[in-house]
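Student: I have a structure to go through with you. Can we test each label against its cut-off?

Tutor: Yes. Here it is.

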Amino acid sequence: MIAFVEVEVDTDTGNVKIVRVVEGTDVGQVIDPYALKMQLEGGLGSCGSDSAINEEMVLDKDTGKFLTSNLVDFKWRVFPDLPVFETHIEETSNDLSAFGGIGVGEISGAPLPGAIMMAVSNAIGIQLMDYPLTPGNILKALGKAR
């Protein structure tokens, strides 16, 4: 999997808008094109992008328990809120499985958090190293908040 991201960052509010995602992967033999497209866009869009921007493990320092220990507490986007995707699928012959397919599954979300981190870092001119890229964290990196 590979992903490239175009973002817009409002340096007054710290808000990040993902404008476009260009993604690609080698899947061996495509078996179900629609399911593959949905897995790539869902994995990158909902999972990958939201883990970079919204997903945060919040620890209650008094009890030592996480306050965000389930998917209800994470602010995931739904498909209509996702950016424009340009998906490139490479098919190569192989003998790794009975039908020549290569699993995509959960790995589809892996490249996006790093790509978003780099895109936002490039946009604001400061190398960011910590997730999530919330408005508060971006404003803090810009020296506009504590």
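Student: Where is Thr-134, and why is Thr-134 called buried?

Tutor: This is a predicted model. Thr-134 sits in the loop between H2 and helix H3 (135-141). Its relative accessible area is 19%. Buried means under 20%, so Thr-134 counts as buried.

Student: Which residues does Thr-134 touch, leaving aside those up to four places away in sequence?

Tutor: Gly-14 and Ile-53.

Student: What makes Lys-144 and Asp-12 a salt bridge?

Tutor: The cut-off is a side-chain nitrogen of Lys or Arg within 4 Å of a carboxyl oxygen of Asp or Glu. Here the closest N and O atoms are 3.7 Å apart. That is within 4 Å, so the pair qualifies. The two residues belong to distant parts of the chain: Lys-144 lies in the segment after H3 and Asp-12 in the loop between E1 and E2, 132 residues apart.

Student: Why is Asp-12 called exposed, and why is Lys-144 called partly exposed?

Tutor: Exposed means over 50%. Asp-12 has 63%, so Asp-12 is exposed. Lys-144 has 47%. Partly exposed runs between the 20% and 50% limits, so Lys-144 is partly exposed.

Student: How many salt bridges does this rule give?

Tutor: The count is 2. Arg-20 and Glu-86 also meet in one, at 2.8 Å from N to O. Arg-20 is in strand E2 and Glu-86 in strand E3, so this pair ties together parts 66 residues apart in sequence.

Student: Why do Arg-20 and Glu-86 count as partly exposed?

Tutor: Arg-20 has 35% relative accessibility and Glu-86 has 31%. Partly exposed lies between 20% and 50%, so the label fits Arg-20 and Glu-86.

Student: How do you know that E2 and E3 pair?

Tutor: Pairing needs at least two bridges. Strand E2 (residues 16-26) and E3 have 7, in the parallel sense, so they pair. One bridge joins Val-21 to Phe-85 in E3.

Student: What is the strand order of the sheet?

Tutor: E1-E2-E3, in an open sheet with mixed pairing. Strand E1 (2-9) and E3 are the edge strands, because each pairs on one side only.

Student: What makes Phe-66 fit for a surface patch?

Tutor: Patch residues need over 30% relative accessible area. Phe-66 has 44%, so Phe-66 passes that cut-off. Phe-66 forms a nonpolar patch with Met-57 and Leu-59, together offering about 300 Å² of accessible area.

How values were computed. Residues are numbered from 1 along each chain as its sequence is written. This is a predicted model: local features need pLDDT of at least 70, side-chain atom pairs count only at pLDDT 80 or more; totals for chains, interfaces and linings use all residues. Side-chain values use heavy atoms; hydrogens and water are left out. Patches are made of residues with over 30% relative accessible area and no salt bridge: like charges are joined within 9 Å, nonpolar side chains (Val, Leu, Ile, Met, Phe, Trp, Tyr) within 5 Å. Accessible areas come from the Shrake-Rupley method with a 1.4 Å probe; for residues, only the protein chains shown count as cover. Buried means under 20% relative accessible area, exposed over 50%, partly exposed in between (1.4 Å probe, protein chains only). Helices (H or I, at least four residues) and strands (E, at least two) are DSSP runs, numbered from the N terminus. Contact means heavy atoms within 4.5 Å.
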